[in-house]
2 protein chains.
Amino acid sequence: MLLNTLEPLSAYVDTSSIAPALPRSRCDTCHLRTANFCGALFDGEFAAVRAKHRSTAARRNIYRAGEPSEGVLVVCEGWAVRFVQLPNGKRQVLSVVLPGDLVSPTGLLERQFSFSIQAVTDVRSCFLPFAEVRARMRDNPALFDIWLRLTAAEQRDADKRLVDLDQRAAQERIAALIVHVLTRFEERGEVHNDEFPFPMSQQQIADFTGLTPVHTCRVLSSLRKHSICDVGHGMVKIADRRELQRMAAIK
Amino acid sequence: MLLNTLEPLSAYVDTSSIAPALPRSRCDTCHLRTANFCGALFDGEFAAVRAKHRSTAARRNIYRAGEPSEGVLVVCEGWAVRFVQLPNGKRQVLSVVLPGDLVSPTGLLERQFSFSIQAVTDVRSCFLPFAEVRARMRDNPALFDIWLRLTAAEQRDADKRLVDLDQRAAQERIAALIVHVLTRFEERGEVHNDEFPFPMSQQQIADFTGLTPVHTCRVLSSLRKHSICDVGHGMVKIADRRELQRMAAIK
DNA sequence: CGGTACATTGAGAAATTTCAAAGTTGGTGG
DNA sequence: CCACCAACTTTGAAATTTCTCAATGTACCG
């Protein structure tokens with residue numbers, strides 16, 4: 001469907017060989033394994049899993065639209081974005097993928113996708129083989145339920161995002177992104193001193209919000225100037241949470 | 001979640017009693033039954049179905065966000081829109097529902113939704129009881145497959161729509177909507193003389209595309225002036241299909 | 001130390017919104 | 001059958017948001 005016709009060739013190269021120095025790890029040592037889909041999928045028997053792990057350097061593609069997919073993708077460590085590359089060179093980021101996220105619940109049994117996945121930071125990811133997932137879904141109704149819930153949540157998110165992009169001003173869209181990530185990090189207890197990781201570049205924020213990088217920069221400057229929050233250098237520091245949440249709230 | 005806090009109270013009233021004069025019909029006489037989800041669901045045994053049909057007058061709500069849902073909604077006749085009503089009075093139309101469409105495949109087992117459904121024309125709809133659908137899904141793997149495919153398609157559509165709204169100018173968004181409907185009517189052989197039904201008001205088109213009604217009007221005028229297509233009076237007449245499709249194409 | 005990617009700033013242009021008013025249409029009751 | 005009403009459509013002018021182009025500044029990596 002949509003192909004990444006204008007991406008530099010380098011993005012197509014298999015990056016396994018030039019992977020960053022992440023610890024070689026497996027599902028049975030994953031510290032997220034009790035909290036996510038993997039946890040339900042393997043139900044304790046992590047040692048038995050033959051999932052294929054891969055490391056990808058920041059800014060490289062983990063999956064490219066149209067390629068045959070090796071299995072269900074889970075991002076174990078690092079941030080990624082799910083995006084489509086338009087023929088005219090623009091990009092639309094569809095969603096941000098945080099550690100532990102199943103990339104596309106709805107696409108569970110699809111063998112190829114119309115979107116690509118790019119690593120934002122260095123990423124360690126995991127392809128759960130289709131056959132394994134399907135077999136376990138058949139045997140395990142609870143797992144099926146979890147998957148149903150993830151699927152419904154994904155669709156709700158897509159609807160929410162549509163409203164976001166269509167009805168809201170630049171500042172509100174960016175605030176909504178920051179609050180979305182803030183919320184997710186807070187659930188995991190990973191926010192300290194109102195500060196948390198935020199490795200997306202302004203270009204990536206722009207591709208997510210549908211703004212130009214220039215305008216994104218102006219909005220971020222304005223947020224900084226008004227002492228609401230400071231985005232940069234891979235982190236966000238929240239200064240006025242009340243105001244930020246007011247901006248992010250749907251009106 | 002999102003409630004329709006600003007809708008006039010009249011929209012909340014049960015409309016069954018003031019329903020329009022549509023023929024009272026049932027699934028076993030539905031002329032769409034071989035082509036859609038219902039067809040697969042009942043697999044010929046239409047007489048046995050105890051689905052609850054309802055008629056709704058144009059511009060009234062079929063379902064309102066947050067209400068307990070009676071079952072899976074299928075629109076049998078007429079057009080509807082799936083939308084969210086924002087607290088500030090704006091509306092976002094998430095998708096257009098044409099005759100025979102299952103409203104939200106992904107929400108198959110959800111008991112309530114965060115969106116509402118409004119009838120565009122007079123509508124006859126059908127709530128398939130959850131229990132019935134679930135039972136038949138269990139017994140019938142082929143049905144389950146169809147449902148999987150519908151779900152994946154819904155998510156793909158949502159992604160496509162995100163790109164549409166975020167990356168494209170007013171004219172292109174409107175062209176894309178017209179071509180989308182054109183394509184669906186053409187599949188059913190319901191386009192004659194480059195003309196087909198299009199009962200959405202400019203306000204509804206605006207809510208779908210995220211534009212103001214005023215700007216929507218200007219764009220439609222411009223399409224008319226340039227002899228590309230003429231939208232109005234419940235119909236579209238295509239004058240320059242090549243150009244319209246060029247405008248609707250993703251660049 | 002140099003390069004490349006990333007961030008910032010300015011000024012002018014373009015698309016879209018807002019506000020306001022006037023025209024049209026279709027349906028309803030008299 | 002007409003008159004009226006309400007909802008929908010059209011048009012104009014000014015304001016606002018966001019984009020584009022272009023130049024300069026900054027940080028990190030090898």
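A polar contact is a pair of N or O atoms within 3.5 Å. By this criterion B:Arg218 reaches a base of DNA strand D in the predicted model, since one of the polar atoms in the B:Arg218 side chain lies 2.8 Å from a base nitrogen of that strand.

The relation between the two protein chains was examined by superposition. A turn of 180° with a shift of 0.0 Å along the axis lays chain A on chain B, and the RMSD is 0.0 Å. The two copies are thus related as by a two-fold rotation axis. The contact surface follows this relation: 100% of the contact residues of chain A recur in chain B, so the same surface serves both copies.

DNA strand D is surrounded by 17 residues. The closest come from both chains, namely A:Ala170 and A:Thr212 together with B:Arg59, B:Gln202 and B:Arg218. By class, the surface near this strand holds seven polar, six nonpolar and four charged residues. Of the atoms of DNA strand D that lie within 4 Å of the protein, 68% are sugar or phosphate atoms, and the rest belong to bases. Two side chains among the closest residues approach the phosphates of DNA strand D. An N or O atom in the side chain of B:Gln202 is 2.3 Å from a phosphate oxygen, and a polar side-chain atom of A:Thr212 lies 3.2 Å from a phosphate oxygen. The contact of B:Arg218, in contrast, is with a base nitrogen.

Three helices each supply at least two residues of the surface near DNA strand D: α6 (213-225) of chain A, and α5 (202-209) and α6 (213-225) of chain B. Of the contributing elements, α6(B) gives the most, with five residues. The residue B:Gln202 falls at the start of the range given for α5 of chain B, and B:Arg218 falls inside the range of α6 of chain B.

DNA strand C has 16 residues around it. The closest are A:Arg59, A:Gln202 and A:Arg218 from chain A, with B:Ala170 and B:Thr212 from chain B. The surface near DNA strand C divides into six nonpolar, six polar and four charged residues. Sugar or phosphate accounts for 62% of the atoms of DNA strand C within 4 Å of the protein, and bases for the rest. A polar side-chain atom of A:Arg218 is placed 2.9 Å from a base nitrogen of DNA strand C. Phosphate oxygens of this strand are approached from both chains: an N or O atom in the side chain of A:Arg224 is 3.1 Å from one, and a polar side-chain atom of B:Thr212 also lies 3.1 Å from a phosphate oxygen. The elements that give two or more residues to the surface near DNA strand C are α6 of chain A and α6 of chain B. The most, five residues, come from α6(A).

Within chain A, two open sheets were examined. One has three strands in the order β1-β7-β3, with antiparallel pairing. Its edge strands are β1 (52-56) and β3 (71-77), each of which pairs on one side only. Neighbouring strands of this sheet are turned by 30° against each other on average, direction ignored. Helix α2 (residues 130-139) packs on the sheet and touches β3 and β7 of chain A. The direction of α2 makes about 60° with that of β7(A). Five bridges join β1(A) to β7 (residues 123-129), and the two strands run antiparallel. Within this pairing, A:Ser125 of β7(A) is the bridge partner of A:Arg54.

The other sheet of chain A also has three strands and antiparallel pairing, in the order β8-β10-β9. The strands β8 (195-197) and β9 (229-232) stand at the edges with a single partner strand each, so one side of each is left without a neighbour in the sheet. The twist from one strand to the next averages 10°. Helix α4 (residues 170-187) packs on this sheet, where it touches β8, β9 and β10 of chain A. The direction of α4 makes about 95° with that of β8(A). Between β9(A) and β10 (residues 235-238), four bridges form the antiparallel pairing. A:Asp230 stands opposite A:Lys237 of β10(A).

Key:
Residues are numbered from 1 along each chain as its sequence is written. Chains are lettered from A and ligands numbered from 1 in the order in which they are written. This is a predicted model: local features need pLDDT of at least 70, side-chain atom pairs count only at pLDDT 80 or more; totals for chains, interfaces and linings use all residues. Side-chain values use heavy atoms; hydrogens and water are left out. Two strands pair if DSSP finds at least two bridges between them. Axes are lines fitted to C-alpha atoms, for helices over the stretch in contact, and angles run from 0 to 180 degrees between N-to-C directions. Contact means heavy atoms within 4.5 Å. A residue is near a molecule or strand if one of its heavy atoms lies within 4 Å of it. A polar contact is a pair of N or O atoms within 3.5 Å; within protein, one must be able to donate a hydrogen and the other to accept it, and residues adjacent in sequence count only if both atoms are side-chain atoms. Ala, Val, Leu, Ile, Met, Phe, Trp, Tyr, Cys and Pro count as nonpolar, Asp, Glu, Lys and Arg as charged, and the others, Gly among them, as polar. Copies are superposed by least squares on the C-alpha atoms of residues with pLDDT of at least 70 in both.
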